[in-house]
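Please look over the model shown here. A short report on one helix and one metal site follows.

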Amino acid sequence: MRVAGRVTREVLIMIRDKVEPGMTTLDLEKIASDRLAELGVKAAFKGYQGYPCALCASVNSEVVHGIPSSRRKLKSGDIVSLDFGVVIDGYYGDSALTAPVGKIDAKTAQLLKTTEESLKAGIAVVRPGATLGDVGAAVQEVVENAGFSVVRDFVGHGIGTRMHEDPQVPNYGRAGRGMKLKAGMVIAIEPMVNAGGPDVKVLDDGWTAVTSDGSMSAHFEHTVAVTVNGPRILTEYLV
Ligand code: MF3
Ligand code: CO
């Protein structure tokens, strides 16, 4: 899973570093799929429940599962959430981040920073004996202290030889509640955070989730192993 995680993050960072005003989200998909072809590596998402692409690219009020499109052109001030994963020798990696396009306003920058910090806070409590409620509560506290809201309709997940395994990993909860983590488990923690209210709806394409109030939304995700020494982020970028 370390190998899958590393490749996942490497490609994700490469895509992020190419984000520029004027590009379409399909251009980003092309960067991802070209790199996968070069590496001879399989995308985790393509074909998953009929999902048509390697990448999810969700712009502004799109929360997750935005389908790359030649009609979706990025402009300065936008944000784009990039969610990506690979499968190598049967093992999955899954990671996401939200990138600014050109220059973004201060509140949106704060949304990105808070969401990334909430992911770090969730990861920080991971250890054998900690509960899923501990993780959710840690994420939720960072988000709500900043005045933003946690999406409830989508959650993180166990991951391993399938992309989605038990348990579900909510980004909200109460400390001490829920299943206990054990060494050897691997979970994907993935806060989705809205600048406005927590409600989301899915568009007619059957995939794209958007905020109900039209507010901006950010998404950061890592695949994290539970070890006796605490969390080990498998989707870290190591040169
Ligand atoms: N990172 C997403 C998740 O954890 C990937 C699912 S997108 C899909 O659920 F297209 F593959 F469904
Ligand atoms: Co995931």
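How many of the 14 residues of helix 4 are buried? The model is predicted, and in it the count is 10 of the 14, so helix 4 is largely enclosed by the rest of the structure.

**Helix 4**

Helix 4 covers residues 132-145. From first C-alpha to last it reaches 20 Å, close to the 20 Å expected at 1.5 Å a residue. Its buried residues are Leu132, Gly133, Asp134, Val135, Gly136, Ala137, Ala138, Val139, Gln140 and Val143. They pack against helix 3 (106-124). They also pack against strand 6 (149-150), strand 8 (165-169), strand 9 and strand 10. Gly147 follows helix 4. The phi of Gly147 is positive, near 85 degrees.

**The cobalt site**

Asp94 (OD), His157 (NE2), Glu190 (OE) and Glu221 (OE) are the protein donors of the cobalt ion (ligand 2). They lie 2.0 to 2.3 Å from the ion. The sequence spacing of the donor residues is D-x62-H-x32-E-x30-E. Glu190 sits in the loop between strand 9 (186-189) and strand 10 (192-194), and Glu221 in the loop between strand 13 (217-219) and strand 14 (222-227), so the pair ties together parts that are 31 residues apart in sequence.

Are these two glutamates buried or exposed? Both count as buried, because the cut-off is under 20% relative accessible area. The table gives their values.

| Residue | Relative accessible area | State |
|---|---|---|
| Glu190 | 6% | buried |
| Glu221 | 0% | buried |

Strands 9 and 10 appear in both parts of this report: the buried residues of helix 4 pack against them, and the loop between them holds Glu190.

How values were computed. Residues are numbered from 1 along each chain as its sequence is written. Chains are lettered from A and ligands numbered from 1 in the order in which they are written. This is a predicted model: local features need pLDDT of at least 70, side-chain atom pairs count only at pLDDT 80 or more; totals for chains, interfaces and linings use all residues. Side-chain values use heavy atoms; hydrogens and water are left out. Donors are N, O and S atoms within 2.8 Å of the metal (3.2 Å for Na, K and Ca); water is not among the atoms, so sites may look incomplete. Helices (H or I, at least four residues) and strands (E, at least two) are DSSP runs, numbered from the N terminus. Buried means under 20% relative accessible area, exposed over 50%, partly exposed in between (1.4 Å probe, protein chains only). The expected span of a helix is 1.5 Å times one less than its number of residues. Contact means heavy atoms within 4.5 Å.
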